[in-house]
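Me: Can you walk me through the model I have open here, chain by chain, and tell me how far to trust it?

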Amino acid sequence: MSGSSDVLLSLSGVWKKFGGLTVTSDVSFDVPRGARMALIGPNGAGKTTIFNLISGFYEPTAGKIELEGRSILDYPSRKRIGLGIARSFQNIRLMPHLSVVENVMLGQQVHANSVLDMLKPLSLFGRSRWRAEAEALLEEMGLDTYPGEVVATLPYGVRKKIEVVRALAARPKLLLLDEPAAGLNGAETQSLTEFLKGISRSGVTLLVVEHDMGLVRELCDTAVVLNFGKKIYEGSTAHVQEDPLVLEAYLGPNHAKAAKSGASHVA
Amino acid sequence: MSGYWTGILTILAINVIMAYAIFLPVATGQLNLGGAGFQALGAYTAAYFSANYGLTVWLTLPLSILVGGAVGIAIALPLLRTKGVYLVLATFALAEVIGGAILNTEALGGAMGLSVPDYVDYPVPMGAAVLVTLFCFYLMATRFGLAMRAAHDDEVVTDLLGVSVRGVRVAAFAIGAALAGLAGALYAHSYSFVESQSFNATLSIYVLLYVLLGGTQTALGPLFGAVFFTLLPEVLRSILPEFKSWIVLAFGAGGNVSPPDESWRFVILGLLTVLMMIFRPEGLITRTLVDRLCSPFTPRRRVLREVAV
Amino acid sequence: MLLIQQLLNGVMLGSVYVTVAVAFTLTIGVLNFLNFTIPTLFMLSGMGAWALAKWGLPFGLTGPFPWPLALGGAVVMTIAASLVVERFTFRYMKAKYGDATEHAIPLVSSLGFLLIIENLIRIGYGTDPQRMDAISWDTTINLDGLLLRAPQLISLAVALAIVAGLTWVLKHSRIGRGLRAIAENPDAANILGVDSKRLVPVIFMLTGLLCGLAGILFAINYGEVSPGMGEEIGSKAIAGMVIGGLGSIWGAVLGGLIIGIAEMLTVHFFGADTVQVVVWGLLLAALFVRPQGLLGHHSIGKGKL
């Protein structure tokens, strides 16, 4: 991996058990700064669990998670975004009754936690600094068509992007994207890919859970593959579909050999 | 102005303040079914200090706000760890305990009630109601208000975005309790008399329902709910007697009962509640409605049906 | 001796609370729904029995009913009312966003029904308490100086029989297993083929039955009903349920009896006026110290309302 000295996020020996059920076992991998890394695997492989562990929604049963060499496990979920970790969700979790720009302003919260910032009006007498910033960000991302509209009425693809913009508003170092292309059609996926590439160019590290292999190959350079909570592959996205363990995970042991030559689409 | 109208304005002002008192916690996703208890606290604080220590209304009002807010914080801090059913039960129980405690305290007049010396006329409650309304509109326009609404919509994500959901909820609950205290103090001084029976469970239910029916997505909703349900019985006053004789006839009870007028108000509120929960559970005034009314000339986008994923 | 007598009275009193508390706990345990119509249904049963016996059906359809028929009719009426409540709280409800207050929709609807039913009764029959001397009887059994009133003994027996029957049904019948599956996890229950749409009315029928029986037992015990009788019983049943633990049937039994005893002891030591403070204070203390109650599990009420 390039620039292995500059590791942004590092997981080592991460276990998560719910009662007797082991969801991730001994998962270790590093995300270099500036990387575009994919986290893939069949349903139930533990991808979203890894996200939930990183964002602090769950606590690992064992193992270490470090950001820039410092453990983040002592920080409650609420404080992780302040460390520079922001995320999107598998099912869009925007606040449905808030407008687009209000959702983005929520993303800025981590920079506006003082009592004074909490009690200053956002848009009562003209535009506040926060509102102006949020609108500028939306414009930059090409989403300035409907800043004042309530999110619930917008099309699915637009809401997907707004959720990413909300995460960006926190100015994160690491952006966790949970199935950004789920439910999008071809054209929307294409537009999203360009959108995410733009974000990556601005210096944000991406860790993406995704089933759409087309998007994974186009967007990400490296991939980590999980199966039944274990890491079975780590390396370039170009060769991931040739790996026997990965093929076995997706297609089952009997089909793996037969499919190896022909399969171009895993998942 | 006639006494009839000043009376209505007074009760309207108190109802509006109570509506905001309950609206603030509800806007963060916490049902407060103990409004009457906090109102009783304020009313008795004002009554006690003006009767026993001769404090003027300008001193008892802030005092009642303080007492309401302090008890609000004291209750909210331990209780807002629990949610949902537990919080509803706890606030309801708190109101009953406050009512019962007052009833059993000699110094507060027990069942006899207390008379309150310093009388205020309708401009004072009306002025207070206007201030409270402006305050709540302001609050909802701040980042704190944004955090409140976010906590209501999705507390998990709100937390991940760096908002202290519990802090926001405790603060909103306590500010609400302080406002209820203010409403109580105004009640005490406007009616010159308080008795604990006035602050019963039905009052708590009534206030919560008109807030929910008005709508809790914007600060406009509780105002509308309070005004509507205060003025409705006045409008109905003329046609109610006919209803009454009809229903008495229907039940076959003859002429030997004297149904209180208040019952009708509650039946109508109940019916509206049940219907609203079916057809428009988000309340009458919603965010989208306000947006549409504010900019009637921009073409409205069609609401897109969400595709199930 | 007097103290033992008071304890006994407490248990007897508690038996009425137990029946209503079980109705509360059943709805919360299975549907995660705090049904505020329960006290009103209890009142409806008592007032209904009185009205049927005194006036007959509304609109002058029939003359007065004989007592046994009036009591039975009151229970049937209560079950019917409970099913109406089901229709308007659960059947037509659809959640859109699943946010915090949306889970409260059935609760809010039930508050609406509370207002409707109670105030219609007040409008129809006035607010005054009504005597029902004809059905109340006062046979007292003297056990070594301890007095036991026969109707109270019967209430206790009926309450315990209901609870025992209910637990048996929940454990061993198909419907019971379905209900428990819904209580565990509604989504999983649906996937496993439990038709929750058809089981929800069962809960409301049971609620109606429990409240109906409790209402007429109360009428037989005290010989007096009033439109306000629900509030007091409701508060004590809720307190009993919370103390016993939300969602636990035997917890509701235990909690109901504890509240009954606490009430009699409070009356004995401090006088009747302080009962309200003690009962609700117990509830509040339980919520502060041990929200899951004595026998409950901690999962109920989390995240949903």
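Me: How much of chain A counts as buried?
Reply: In this predicted model, 56% of the 267 residues of chain A count as buried. The accessible surface of chain A comes to about 11,300 Å², and 51% of that area is supplied by carbon and sulfur atoms.

Me: And what about its overall dimensions, what is the radius of gyration of chain A?
Reply: Chain A has a radius of gyration of 19 Å, and this agrees with a compact globule, because a globule of 267 residues would be expected near 18 Å. Along the principal axes, the C-alpha atoms of chain A fill a box of roughly 65 × 40 × 35 Å.

Me: What is it built from, in helices and strands?
Reply: Chain A has 10 helices and 10 strands. Of the contacts in chain A with a separation of 6 or more, 65% are between residues 24 or more positions apart.

Me: How far apart are the mean positions of the positive and negative charges in chain A?
Reply: They are 4 Å apart, taking the 29 positive and 28 negative charges of chain A.

Me: Switching to backbone angles, which residue of strand β2 in chain A has a positive phi without being a glycine?
Reply: One such residue is A:Asp26, with a phi near 55 degrees, and it is found in strand β2 (residues 21-32) of chain A. Most residues other than glycine have a negative phi.

Me: Is A:Asp26 buried, partly exposed or exposed?
Reply: A:Asp26 counts as partly exposed, because its relative accessibility is 47% and exposed requires over 50%.

Me: What about A:Arg171, where does that one sit?
Reply: A:Arg171 lies in the loop between α6 (156-168) and β7 (174-178) of chain A, and although it is not a glycine, A:Arg171 has a positive phi of about 50 degrees. With 52% relative accessibility, A:Arg171 counts as exposed.

Me: On to chain B, what does its secondary structure come to?
Reply: Chain B has 13 helices and 2 strands. Of its 309 residues, 59% count as buried, and the accessible surface of chain B is about 12,100 Å², with 68% of it belonging to carbon and sulfur atoms. Among contacts in chain B between residues at least 6 apart in sequence, 80% join residues at least 24 apart.

Me: Which elements of chain B have the lowest and highest mean pLDDT?
Reply: The lowest mean, 65, belongs to helix α11 (residues 240-251) of chain B, and the highest, 96, to helix α5 (residues 123-141) of chain B. Over residues 300-309 of chain B the pLDDT is below 50, and beyond near neighbours in sequence this stretch has 14 contacts in the model. Where pLDDT is low, the predicted coordinates should not be read in detail. Chain B as a whole averages 86, with 86% of the residues scoring at least 70.

Me: Within helix α5 of chain B, what does B:Thr133 touch?
Reply: Not counting residues up to four places away in sequence, B:Thr133 touches B:Val16, B:Tyr20 and B:Leu223. B:Thr133 counts as buried, because its relative accessibility is 11% and buried means under 20%.

Me: And chain C, where is confidence lowest and highest?
Reply: In chain C, confidence is lowest in helix α7 (residues 186-191), at a mean of 69, and highest in helix α2 (residues 38-54), at 92. Residues 300-305 of chain C have a pLDDT below 50, and this stretch has 24 contacts in the model beyond near neighbours in sequence. The mean pLDDT of chain C is 83, and 89% of its residues reach 70 or more.

Me: Last one, what ipTM and pTM does the model score?
Reply: The model scores ipTM 0.86 and pTM 0.87.

Terms used:
Residues are numbered from 1 along each chain as its sequence is written. Chains are lettered from A and ligands numbered from 1 in the order in which they are written. This is a predicted model: local features need pLDDT of at least 70, side-chain atom pairs count only at pLDDT 80 or more; totals for chains, interfaces and linings use all residues. Side-chain values use heavy atoms; hydrogens and water are left out. Helices (H or I, at least four residues) and strands (E, at least two) are DSSP runs, numbered from the N terminus. The radius of gyration is taken over C-alpha atoms; the globule rule is 2.2 Å times the number of residues to the power 0.38. Buried means under 20% relative accessible area, exposed over 50%, partly exposed in between (1.4 Å probe, protein chains only). Contact means heavy atoms within 4.5 Å. Accessible areas come from the Shrake-Rupley method with a 1.4 Å probe; for residues, only the protein chains shown count as cover. Lys and Arg count as positive and Asp and Glu as negative; His and the chain ends are not counted. The place of a charge is taken as NZ of Lys, CZ of Arg, CG of Asp or CD of Glu. pLDDT is the predictor's confidence in each residue, from 0 to 100.
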